[in-house]
Amino acid sequence: MDVGNSLIPPTGRAILKDVPIRVGVIESIPFTIVTNVIDESGQNTTKLTGYVPDLIELLADKIGFIPKIQLAPSNQTYSGLIQVVVNDDYGIAIGDVTVIATRRELVDFSNAIFDNSLRIIMGKTSDVTIELLSFLKAFSRNL
């Protein structure tokens with residue numbers, strides 16, 4: 001099939017419906033608040049509340065992925081958070097991470113989500129190469 005002559009519109013994004021994604025978050029009040037609660041069975045569990053868990057729920061509803069939220073250890077450094085995304089321990093991470101050149105070489109960042117440096121950190125995508133004169137391929141000498 002010749003992709004250039006297809007009448008099917010591109011979707012423009014990966015389909016993530018029903019795909020489980022490990023989401024790493026760091027405790028950062030008021031964005032991610034960690035509290036210990038006792039569940040219905042009497043077990044002591046950790047509950048996450050705040051802006052980031054609400055954002056993850058909204059994204060999951062809109063995109064359709066299944067979030068597996070994991071709280072990063074309290075001693076996790078920002079550079080370490082970047083590294084666990086690079087190592088694919090987390091599919092994405094959300095935190096108030098400052099974008100610097102060395103980090104940008106390893107991962108991609110969303111735009112700032114809030115007035116501070118709260119961002120979504122995701123694995124680096126492959127660069128797309130486009131030929132400078134590719135727009136001329138539509139023309140032919142045989143017209």
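The buried residues of helix α2 are covered by elements that include β5 (92–96), α3 (101–104), β6 and β7. In this predicted model, helix α2 spans residues 78–86, and its buried residues are G80, L81, I82, V84 and V85. Just after α2, D88 adopts a positive phi of about 65°. This aspartate is placed in the loop between α2 and β5, and it is a residue other than glycine with a positive phi value. With a relative accessibility of 48%, D88 counts as partly exposed.

The chain as a whole comprises 3 helices and 7 strands. Followed along the sequence, these elements are arranged in the pattern β-β-β-α-β-α-β-α-β-β. The chain has 143 residues, of which 27% count as buried. Its exposed surface amounts to about 10600 Å², and carbon and sulfur atoms supply 55% of this area. Among contacts between residues at least 6 apart in sequence, 48% join residues at least 24 apart. The mean pLDDT of the chain is 83, with 79% of the residues reaching 70 or more. Among the elements, strand β4 (residues 66–71) has the highest mean pLDDT, at 95, whereas β7 has the lowest, at 88.

A single salt bridge is present in the structure. It is formed by K124 and D108, whose closest N and O atoms are 3.3 Å apart. The pair links distant parts of the chain, since K124 lies in the segment after β7 (118–123) and D108 in strand β6 (residues 107–109), 16 residues apart. The two partners fall into separate accessibility classes: K124 is partly exposed at 43% relative accessibility, while D108 is buried, with a relative accessible area of 17%.

The surroundings of K124 extend beyond this salt bridge. When neighbours within four places in sequence are left aside, K124 is in contact with R104, E105, L106, V107 and D108. For E105, the C-alpha atom is separated from that of K124 by 8.1 Å, although the two residues are 19 residues apart along the chain. For R104, the backbone oxygen lies 2.9 Å from a polar atom of the K124 side chain. The side chain of K124 also makes a polar contact with the side chain of D108, at 3.3 Å.

A further set of contacts involves S110, which is placed in the loop between β6 and β7. This serine is buried, with a relative accessible area of 19%. A polar atom of the S110 side chain lies 2.9 Å from the backbone nitrogen of I120. Apart from neighbours within four places in sequence, S110 is in contact with R119, I120 and M122.

One aromatic pair is counted in the model. The pair consists of F31 and Y51 in an edge-to-face arrangement, with 6.2 Å from centre to centre and 80° between the planes. The angle qualifies as edge-to-face because it is over 60 degrees. F31 belongs to the loop between β1 (20–25) and β2 (33–38), and Y51 to helix α1 (residues 51–63), so the pair ties together parts that are 20 residues apart in sequence. F31 counts as buried at 9% relative accessibility, whereas Y51 is partly exposed at 34%.

Two further backbone features are found in the model. The peptide bond from I29 to P30 is cis, with omega near 10°. P30 is located in the loop between β1 and β2, the loop that also contains F31. In the segment before β1 lies D18, a residue other than glycine whose phi is positive, near 65°. D18 is exposed, with a relative accessible area of 52%.

Terms used. Residues numbered from 1 in each chain as written. Heavy atoms only, no water. Phe/Tyr/Trp six-rings, centres within 6.5 Å; stacked < 30°, edge-to-face > 60°. Helix = DSSP H or I, 4+ residues; strand = E, 2+ residues; numbered from the N terminus. Buried < 20%, exposed > 50% of the residue type's maximum accessible area, 1.4 Å probe, protein only. Salt bridge = Lys/Arg side-chain N within 4 Å of Asp/Glu carboxyl O. Contact = heavy atoms within 4.5 Å. Areas by Shrake-Rupley, 256 points an atom, 1.4 Å probe, with all protein chains shown as cover. pLDDT = per-residue confidence, 0-100. Polar contact = N/O pair within 3.5 Å; in protein donor to acceptor, adjacent residues only side chain to side chain.
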